[in-house]
Amino acid sequence: MKQELIERFIRYAKVNTQSDPNSHTCPSTSGQWELARMLVEELKSIGMEDVTVDENGYVMATLPANTDKNVPVIGFLAHMDTAPEFTGANVNPQIIEQYDGGDIVLNKEQGIILSPNDFPELAHYKGHTLITTDGTTLLGADDKAGIAEIMTAMNYLIQHPEIKHGKVRVAFTPDEEIGRGPHKFDVAKFGAQFAYTVDGGPLGELEYESFNAAEAKITIKGKNVHPGTAKGKMINSIKIAMEFQQQLPAHEAPEHTEGYEGFYHLLSFQGSVEETKLHYIIRDFDREQFEARKAKMKEIAASLAQKYGNDRITLEINDQYYNMREKIEPVRHIVDIAHEAMTNLSIEPKVKPIRGGTDGSQLSYMGLPTPNLFAGGENFHGRYEYISADNMVKAAEVIVEIIKLFEQKAS
Ligand SMILES: [Zn+2]
């Protein structure tokens, strides 16, 4: 299984599928089409059925049931795109057999080294087969490892018909990294009762809580007058914007929070005397606290409007996604089954809240409860990204085990 996973993963990694937030097409980039077509052919060649790719690049396929038991249809998803913030062109994966626990030279000429001094987690991988970058691109284990693991698990089940299972659906989706993964996902066509994204980090990760998320855009209009004659006339929008920021609790920011703590994050601040624009994201696990944060921003805007004039300040808040826990808690057994699958394989489950969102955060609110499973990678979205092929095997085994458990628990 390991060799199969490595070969698949490297083949996918070499296709540049970097997504682009400024594109208005779906998928946002043509490289994702290239990978989608490759995956369609591969799904057919391993013997999957109902293999489809729709006009938006969503790939779906079925592993038909081989039991008469009444097993719920479950799905597995992974995303095809890689992060926009680091190049995904000409990815050239390097394989390190029997990692010795020391420094890994990613790129000799440029002196780029993956070192346990900077990344102490490397200690967990002594003796593993590691896949790294050549130091000049990201690797794309997020989430091509997930694709390779799902594909390999499906192939395993097709090769082992003695393992009984219900109907399984798989989907490979575009544009997760720019938050659009589920936007055109056809939940009804997918037809699963529950699903798992295979898009998490290191071994054992199991996630079913995400942030509630919104973004806020504030525009402040000033009044510019020659500074020599500005007394009593000039209104400096930059200073009003600073006042806005200063009224937010200073410690409720990403750099001061962890675990279940929420925050306001000032993403950008662009201004002149005449006009200043602030862009924030608001994050909280607790729905009430989340609403309170949005209310707080409205309060500040209202008080500044009172002080400087109503037409000087506009505030626009848009919700982005919600904590999937609300939708997963009522079908908690899907998390318990993933937990049990890991335990059966001697993997210690690491259940923790995601300080971010996944496709599952949106899908869960579209009627498809979708927790997240580890795919195995480390240091996502940059040149130091790497993955253990041994843990990719474990991820594929967890998928198979979950499918088995659903069958065993059915009647
Ligand atoms: Zn991902």
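This is a short walk through one protein chain, from its overall build to a few individual residues.

Hi everyone, and thanks for coming. Please keep in mind throughout that this is a predicted model.

Let's start with the whole chain. It contains 10 helices and 18 strands. Its radius of gyration is 24 Å, close to the 22 Å that the globule rule gives for 411 residues, so the chain is as compact as a globular protein of that length. If you turn it along its principal axes, the C-alpha trace spans about 85 × 55 × 40 Å.

How much of the chain is buried? Of the 411 residues, 55% count as buried. The surface that the chain exposes comes to about 17900 Å², with carbon and sulfur atoms supplying 48% of it. On the charged side, there are 41 positive and 60 negative side chains, and the centres of these two sets lie 6 Å apart.

Contacts are worth a moment too. Take those between residues at least 6 apart in sequence: 80% of them join residues at least 24 apart.

Now to the aromatic rings. The structure holds 12 aromatic pairs. One of them is F211 with F285, a tilted pair at 4.6 Å centre to centre and 40 degrees between the planes. F211 sits in the loop between β10 and β11, and F285 in the loop between β13 and α6, so this pair ties together parts that are 74 residues apart in sequence. Both residues are tucked away: F211 is buried with a relative accessible area of 1%, and F285 is buried with 7%.

Here is another pair, F244 and Y280. The ring centres are 5.8 Å apart and the planes meet at 45 degrees, so this pair is tilted. F244 belongs to helix α5 and Y280 to strand β13, which puts the partners 36 residues apart and links distant parts of the chain. F244 and Y280 are both buried.

Back to F211 and F285 for a second: together with Y260 and F263, they form one aromatic cluster.

Next, two single residues. Where does T82 lie? You'll find T82 in the loop between β3 and β4. T82 is buried, with a relative accessible area of 2%. Leaving aside neighbours within four places in sequence, T82 is in contact with several residues, including T17, Q18, L138, D142 and E177.

The other one is D390, in helix α10. At 23% relative accessibility, D390 counts as partly exposed. Not counting residues up to four places away in sequence, D390 touches K2, H128 and T129. As for L63, D390 is 327 residues from it in sequence and 25 Å from it in space, C-alpha to C-alpha.

Finally, some backbone details. Which peptide bonds can I show you as cis? One runs from C26 to P27, with omega near -5 degrees, and P27 lies in the loop between α1 and α2. Another joins D142 and D143, with omega about 10 degrees, and D143 lies in helix α3. You may remember D142 as one of the contacts of T82.

Then there is S346, which is not a glycine but has a positive phi of about 60 degrees. S346 is in the loop between α8 and β15, and at 70% relative accessibility it counts as exposed. H381 is not a glycine either, and has a positive phi of about 75 degrees. H381 is found in the loop between β17 and β18, and counts as partly exposed at 25% relative accessibility.

That's my tour, and thanks for listening!

Conventions
Residues are numbered from 1 along each chain as its sequence is written. Side-chain values use heavy atoms; hydrogens and water are left out. Helices (H or I, at least four residues) and strands (E, at least two) are DSSP runs, numbered from the N terminus. The radius of gyration is taken over C-alpha atoms; the globule rule is 2.2 Å times the number of residues to the power 0.38. Buried means under 20% relative accessible area, exposed over 50%, partly exposed in between (1.4 Å probe, protein chains only). Contact means heavy atoms within 4.5 Å. Accessible areas come from the Shrake-Rupley method with a 1.4 Å probe; for residues, only the protein chains shown count as cover. Lys and Arg count as positive and Asp and Glu as negative; His and the chain ends are not counted. The place of a charge is taken as NZ of Lys, CZ of Arg, CG of Asp or CD of Glu. Rings of Phe, Tyr and Trp (its six-membered ring) pair if their centres lie within 6.5 Å; planes under 30 degrees apart count as stacked, over 60 as edge-to-face and the rest as tilted.
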